[in-house]
Amino acid sequence: MEINLKDIHSPADIKGLDLEHLHLLSGELRAALMRKLAAHGGHVGPNLGVVEATVALHYVFDAPSDKIVFDVSHQSYVHKMLTGRIEAFIDPAKYDDVTGYTCPGESDYDLFEVGHTSTSISLATGLAKARDLKGGKENVIAFIGDASLGGGMALEALNYAPELGSNIIIILNDNQMSIAENHGELYNHLAELRKTNGTSPNNIFKALGYEYIYVGEGNDLRALIHAYKAAKDQPRAVLVHINTMKGMGLPCAESNQEAFHFAAPFDLKTGAPANPLDAESYDDMFARKMLEHTRADKNVAVMTAGTPGAFGLTPAVRDAMGSQYIDTGIAEQDCVTMAAGLAKGGVRPVMGVVATFIQRAYDQLSHDVAINNLPAVFVEFYGSLFGMNDMTHLGFFDIAMISNIPNIRMLAPATAEEYIAMLDYAIGQTDHPVVIRTPGGAVSHQSTPVNTDFTRYDIVEEGADVALIAEGPMLGIARKAAALLRDKGVTPTVINPRILSQVDTECLDTLKGYRHVITVEDGIIDGGFGQKVASYLAPTGIRVTCLGLKKEFEDRYKVADLLRDNSLTPEQIAELAI
């Protein structure tokens, strides 16, 4: 017997299959997934681990009339394969036709653009309440992983959902892993439930009012179908706890779950990267520098909210840091406010964070850290147009968001040497919270000494009449534009601003006789550092042009296209300067 994946156009095509054919289907889906992931890259472990759980989900429930919300949604590949998008997983020419997350623009089966964690239960409670108000009868299902369950928002929604008094189903995919290892007492509780096959009298879900169903073999179709049928159409909150294996079916992903949470293209047999990277990177620099500081000073603590691999904090580095390494799990709010407490207690916290995730803790950054003016350090990664490019993970809104919070000093190094110097400065000072934007793109170097007065701009090329003020990785682009201008007889001044939360008025005062000042930033124009410069220079009558990105949600853009569309190429900048 064979299953032809090309025949799967919707969940209706699997409803009539018997268990044997569902097993065959799951095997074909997993094999197709592995082929695409090896060739294209993507979230490996999360998707391989839920093949059977997703097949059973669409076999039992009746989407899209039944509403399914995937948490993070980076485990929704099989869902997409079963809902009319199979070609994007079996035809290499169409691999990029779908995003890595649920996307309503692709299909009515996808309800939300989702890429951040711990949102599914809240979204599901809203859908369920809307259904109840409208007199509907459909099932509402939140599919959430154990890592996401530890996020504050998920726990808040977990507390609220039973109060609805109506149908809401939470499928808890427990694979015993976050991106890295799990952290928090909740996971010891889940372990107790697994150990007792769900029978422990100590059960948080029952205590909160859920009907609780445990599936010890969470990759077993028969058990999953039985559990889902028991939950379907229940007029109350039900939690189905399934014990799965992350990366199931791919030995390298099963044995190295952290590395294969997300992977670039790799060899399917060995797991080796298809295109090994041997170039230096800022994340490795950060990890080395933090290891150096923790070894030298027991009062330095390195923090993360569940994403240590994004900044080079490998298991070996984490082990070497010992108790000075803190992982709060995927809970940015807790991590930022804990950093405030550490700073108040005399410890210097350094939180590594992906820029798109720091926005999840905006209130904590403002209310708990900045109002109290505590010397916590936050080092951002991927806060750049050269970073992640899908709609839910954009990092280039960070300058406008963070640089306008009082007391915070936001720094933007342009070179490796500035980066290291800023890390040392931030950890050594005690006056302010500091946010450092790790540069996007390739590592740049400078041969001149670093000016460590980071309240001052740095003039890197002396000129006249025209000034280019470009931060972070945009400095290299501006210097190329300056070279083009020199070829045309114009000698511009090129300035590296370095600090984005305030202007260097002394430096800007030297430009008051200039004809044209152009600011160039690696973020959106609205609320960015360029508008601060323009506001200060406005009374002088100098023409100021602010270059950066439009205030838009871009999706899977090409860097070259985005630069060109926003007049950020060297040629366009030079043309504007004349």
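Among the elements that cover the buried residues of helix α24 are β15, α20, β17 (516-524) and β18 (543-549). The model in front of you is predicted, with local features needing pLDDT of at least 70, side-chain atom pairs counting only at pLDDT 80 or more, and totals for chains, interfaces and linings using all residues. Residues are numbered from 1 along each chain as its sequence is written, and side-chain values use heavy atoms, with hydrogens and water left out.

**Two helices with a buried face**

Let us stay with α24, which spans residues 570-577 and has Pro570, Ile573, Ala574 and Ala577 as its buried residues. Buried here means under 20% relative accessible area, exposed means over 50%, and partly exposed lies in between (1.4 Å probe, protein chains only). Helices (H or I, at least four residues) and strands (E, at least two) are DSSP runs, numbered from the N terminus. Viewed down the axis of α24, the buried residues fall within an arc of 100 degrees, so they line one face of the helix. The arc is taken from the directions that run from the helix axis to the C-beta atoms. Glu571 and Glu575 are exposed on the other side of α24.

Helix α9 (185-195) invites a similar look. Its buried residues are Leu186, Tyr187, His189, Leu190 and Leu193. These cover an arc of only 155 degrees around the axis, which puts them on the same side of α9. Glu185 and Lys195, on the other side of α9, are exposed. The cover over the buried residues of α9 includes α7 (146-149), β4, α10 (204-207), β5 (211-215) and β6 (237-243).

**Nonpolar cores and Ala412**

The largest nonpolar core holds 77 residues, and Phe286, Leu313, Phe378 and Tyr419 touch the most other members. The biggest contribution to this core, 8 residues, comes from helix α19 (residues 416-428). Apart from this core lies another one, of 57 residues, with Tyr59, Val60, Ile141 and Phe143 among them. A nonpolar core is a set of buried Ala, Val, Leu, Ile, Met, Phe, Trp, Tyr and Cys residues joined through side-chain atoms within 4.5 Å.

What does Tyr419 contact, leaving aside its neighbours within four places in sequence? The partners are Tyr282, Met285, Phe286, Val379, Phe381, Pro413, Ile436, Thr438 and Pro439, where contact means heavy atoms within 4.5 Å.

Ala412 sits in the loop between β12 (409-411) and α19. With 1% relative accessibility, Ala412 counts as buried. Not counting residues up to four places away in sequence, Ala412 touches Glu418, Met422, Arg437, Glu471, Gly472, Asn496, Arg498 and Leu500. Ala412 and Ala12 are 400 residues apart along the chain, and their C-alpha atoms are separated by 53 Å.

**The second largest pocket**

The second largest pocket has a volume of about 370 Å³. On a 1 Å grid over the protein atoms alone, a pocket is an open set of points where a 1.4 Å probe fits, with protein on both sides within 12 Å along at least five of seven lines, and lining residues have an atom within 4 Å of a point. Grid points are joined across faces, edges and corners, and the volume is the space filled by probe spheres set on the points. Its lining has 23 residues, of which Ala414, Thr415, His445, Leu475 and Arg479 lie nearest the centre of the pocket. At least two lining residues come from each of β14 and α20 (474-487). By class, the lining has 9 nonpolar, 11 polar and 3 charged residues. In this scheme Ala, Val, Leu, Ile, Met, Phe, Trp, Tyr, Cys and Pro are nonpolar, Asp, Glu, Lys and Arg are charged, and the others, Gly among them, are polar.

**Backbone details**

Most residues other than glycine have a negative phi, and most peptide bonds are trans. Here are two residues with a positive phi, neither of them a glycine.

| Residue | Phi | Relative accessible area |
|---|---|---|
| Gln176 | about 65 degrees | 32% |
| Asp465 | near 75 degrees | 34% |

Gln176 is placed in the loop between β4 (168-174) and α9, and Asp465 in the loop between β14 (458-461) and β15 (466-470). Asn197, which follows α9, has a positive phi near 55 degrees.

Which peptide bond is cis? The bond from Ala63 to Pro64 is, with omega near 5 degrees. Pro64 lies in the loop between α3 (51-60) and β2 (67-70), as does Ser65. Ser65 is partly exposed, at a relative accessible area of 44%. C-alpha to C-alpha, Ser65 and Lys137 are 9.4 Å apart in space, and they are 72 residues apart in sequence.
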